[in-house]
Amino acid sequence: MEQAHDHNRNLYIAYSDYRKAFDSVSHSWLIYVLQIYKIDPQTINSLQQLMKKWTTTLQVKVKNNRIMRDPIRLQRGIYREESLSPLWFCLALNSLSYLLNRKNCGFGIHSGNQEMQRLNDLFYMDNIKLCAATNSQLQELLRLTQTSSRDIKMVFGIEKCKILCIAKGKLEMRNFTVEDDG
């Protein structure tokens, strides 16, 4: 942001958040990701067998009574409390970062007059920050992100998504234009 402000450059940033990210990631995608990264087949098989046993139980407490339902088998999502889950979740979204980085879009980080790095995405678990030098580049990154996310059954929490624009070093207000996958 300092480079955009100090050198009168354009910077377009979209802040995106996945809705119920850990609860939404598909089990078939998680297994496929492990296969992509060539994880030992026995490990994949063990995790696949464990996932078949993942359940949750709904409880309602009414005064001094608890009403419990039979366990419900989870067909998507990963447990947040498990030590493997954050790494597995990051692996599940890593392909999106790869696709974004293949695009010739992003904001050039300069040292003097030389571009040292082109930045177009920053991930922190279920939060994504997309960066571009033009609005059209940002829209392209957003379309790719939404298409890829839709493919793996992940949905944006539109209410948490925002765009920041710095045009010629000055802050501008813009609306977030991405479809709600609801």
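User: What does buried mean here, and how many of the six residues of strand 10 are buried?
Analyst: Buried means under 20% relative accessible area. The model is a predicted one. In it, strand 10 covers residues 162-167 and is mostly covered. The number of its six residues that are buried is five.

User: Which strand is joined to strand 10 by five bridges?
Analyst: The partner runs antiparallel to strand 10. Within this pair, I166 of strand 10 stands opposite L11. The strand joined to strand 10 by five bridges, made of residues 11-17, is strand 1.

User: Which residue is at the centre of the kink in helix 5?
Analyst: Helix 5 runs over residues 85-102, which is 18 residues. From first C-alpha to last it reaches 27 Å, close to the 26 Å expected at 1.5 Å a residue. The helix nevertheless has a kink of about 35°. The residue at its centre is L93.

User: Is L93 in helix 5 buried or exposed?
Analyst: Several residues of helix 5 are buried, among them W88, F89 and L91. The buried residues of this helix are covered by elements including helix 2, helix 3, helix 4 and helix 6, as well as strand 8 and strand 9. L93 belongs to the buried group, so with the cut-off of under 20% relative accessible area, its label is buried.

User: How is helix 3 oriented relative to helix 5?
Analyst: Two packed helices are described by the angle between their axes and the distance between the axes. For helix 3 and helix 5 the angle is about 80° and the axes are 9 Å apart. Because angles of 65 to 115 degrees count as roughly perpendicular, helix 3 is to helix 5 roughly perpendicular.

User: Which residues of helix 5 meet helix 3?
Analyst: From helix 3, the residues involved are W29, L30, I31, V33 and L34. Two of the residues they meet, W88 and L91, are also buried in helix 5. The helix 5 residues that meet helix 3 are W88, L91, A92 and S95.

User: How is helix 3 oriented relative to helix 4?
Analyst: Here the axes are 10 Å apart and the angle is about 170°. Angles over 145 degrees count as roughly antiparallel, so helix 3 is to helix 4 roughly antiparallel.

User: Which residues of helix 4 make the contact with helix 3?
Analyst: On the helix 3 side, the contact is made by H27, L30, I31, L34 and Q35. L30, I31 and L34 also meet helix 5. On the helix 4 side, the residues are I44, L47, Q48 and M51.

User: Which residue takes a positive phi in the hairpin of strand 3 and strand 4?
Analyst: These strands run antiparallel and are joined by four bridges. K61 stands opposite R66 of strand 4. Two residues lie between the strands, and the one with a positive phi, near 55°, is K63.

User: What is the relative accessible area of K38?
Analyst: Most residues other than glycine have a negative phi. K38 is not a glycine, yet has a positive phi of about 55°. K38 is found in the loop between helix 3 and helix 4. This residue is exposed, and its relative accessible area is 73%.

User: In which loop does M125 lie?
Analyst: M125 is also a residue other than glycine with a positive phi, near 55°. At 22% relative accessibility, M125 counts as partly exposed. The loop in which M125 lies is between strand 8 and strand 9.

How values were computed: Residues numbered from 1 in each chain as written. Predicted model: local features only at pLDDT ≥ 70, side-chain atom pairs only at ≥ 80, totals over all residues. Heavy atoms only, no water. Expected span 1.5 Å × (residues − 1). Bend = angle between axes of the 7 residues up to and from the residue. Buried < 20%, exposed > 50% of the residue type's maximum accessible area, 1.4 Å probe, protein only. Contact = heavy atoms within 4.5 Å. Pairing = 2+ DSSP bridges. Axes fitted to C-alpha atoms, helices over the stretch in contact; angles between N-to-C directions. Parallel < 35°, antiparallel > 145°, perpendicular 65-115°, else oblique.
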